[in-house]
Amino acid sequence: MRKASIDRKTNETRLSVSVDLDGTGVFDVKTGVGFLDHMLEQLSRHSLIDITLRADGDLHIDDHHTVEDSGIAIGQAVAKALGDRKGIRRYASLHLPMDGTLTRAAIDISGRPFLIWKVDFTAPKIGTFDTELVREWFQAFAMNAGVTLHVETLYADNNHHIAESCFKALARALREALEIDPRQKDRIPSTKGSLAG
């Protein structure tokens with residue numbers, strides 16, 4: 001059962017997250033940040049990871065802490081649910097089209113956190129959401145999930161599609177990389193014998 005729950009409390013946010021890596025993409029997300037909820041729902045639906053998330057953050061200041069801490073908590077929950085990472089496919093990459101936008105994501109469930117981010121927005125906001133926070137979420141997720149993640153938007157037609165294609169590309173890469181490979185279901189996919197970092 002590859003499931004995990006994380007409770008994270010700071011002076012800035014209080015979060016409760018549960019994930020099921022072998023789910024069906026069922027989500028119940030309430031962060032108080034509408035655009036973030038929409039992105040996390042896409043992440044859940046297209047990765048097939050069930051995600052339940054409740055966040056209570058200092059939104060009277062801005063969205064930054066809630067966005068970043070949701071990436072931290074989801075990353076920690078995914079890492080915890082993975083355990084020793086035995087049997088996973090480990091690697092995945094794809095190109096995700098969304099109308100006039102194309103984003104590429106590549107992931108290694110390596111235990112070594114790293115983010116390469118080649119995504120440029122043409123406006124500072126999507127509605128009331130700061131576009132710079134998209135990278136903050138991905139950075140927090142990669143560092144806490146213990147994954148090497150490369151994300152690049154090759155071309156784009158609008159900022160909403162840029163952000164959404166990034167989350168969907170991550171979702172689809174996660175779905176493949178987290179799957180159990182029947183040819184090595186009892187082995188850790190590393191010549192080192194460990195993916196603990």
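Start inside the protein, with a search for enclosed space: the count comes to one cavity of 30 Å³ or more. The model is predicted, and every stop below refers to that model.

**Stop 1: the cavity**

The largest cavity has a volume of about 30 Å³. To find it, select Phe35, Leu36, Met39, Val67, Phe129, Leu133, Val134, Trp137 and Phe167, the residues that line it. Then show helix H1 (34–47) and helix H3 (132–145), the elements that give two or more residues to this lining. Colour the lining by residue class: nine of its residues are nonpolar, none is polar and none is charged.

**Stop 2: the four-stranded sheet**

Next, select strands E1, E2, E4 and E3. They form an open sheet in the order E1-E2-E4-E3, with mixed pairing. At the edges are strand E1 (3–9) and strand E3 (27–30), each of which pairs on one side only. On average, neighbouring strands of this sheet are turned by 5° against each other, direction ignored.

**Stop 3: the E2–E4 pair**

Keep strand E2 (residues 13–20) and strand E4 (residues 50–57) and hide the rest of the sheet. What is the sense of the pairing between strand E2 and strand E4, and over how many bridges does it run? The two strands pair in the antiparallel sense, over eight bridges. For one of the residue pairs, pick Asp20: its bridge partner in E4 is Asp50.

**Stop 4: the helices on the sheet**

Bring back the whole sheet and add helix H1, already seen at the cavity through its share of the lining. H1 lies across E3 and E4 and runs at about 160° to E3. Now add helix H2 (residues 64–82), which packs on the sheet and touches E1, E2 and E4. The direction of H2 makes about 35° with that of E2.

**Stop 5: the whole chain**

Finally, show everything as a cartoon. The protein has four helices and ten strands. Followed along the sequence, these elements give the pattern β-β-β-α-β-α-β-β-β-β-β-α-β-α. The radius of gyration is 16 Å, close to the 16 Å that the globule rule gives for 197 residues, so the protein is as compact as a globular protein of that length. Switch to the C-alpha trace and align the view to the principal axes: the trace spans about 45 × 40 × 25 Å along them.

Terms used: Residues numbered from 1 in each chain as written. Predicted model: local features only at pLDDT ≥ 70, side-chain atom pairs only at ≥ 80, totals over all residues. Heavy atoms only, no water. 1 Å grid on protein atoms, 1.4 Å probe; cavity = no way out; pocket = protein on both sides within 12 Å on 5 of 7 lines; lining within 4 Å. Points joined across faces, edges and corners; volume = space filled by probe spheres on them. Nonpolar A, V, L, I, M, F, W, Y, C, P; charged D, E, K, R; others polar. Pairing = 2+ DSSP bridges. Axes fitted to C-alpha atoms, helices over the stretch in contact; angles between N-to-C directions. Contact = heavy atoms within 4.5 Å. Rg over C-alpha atoms; globule rule 2.2 N^0.38 Å.
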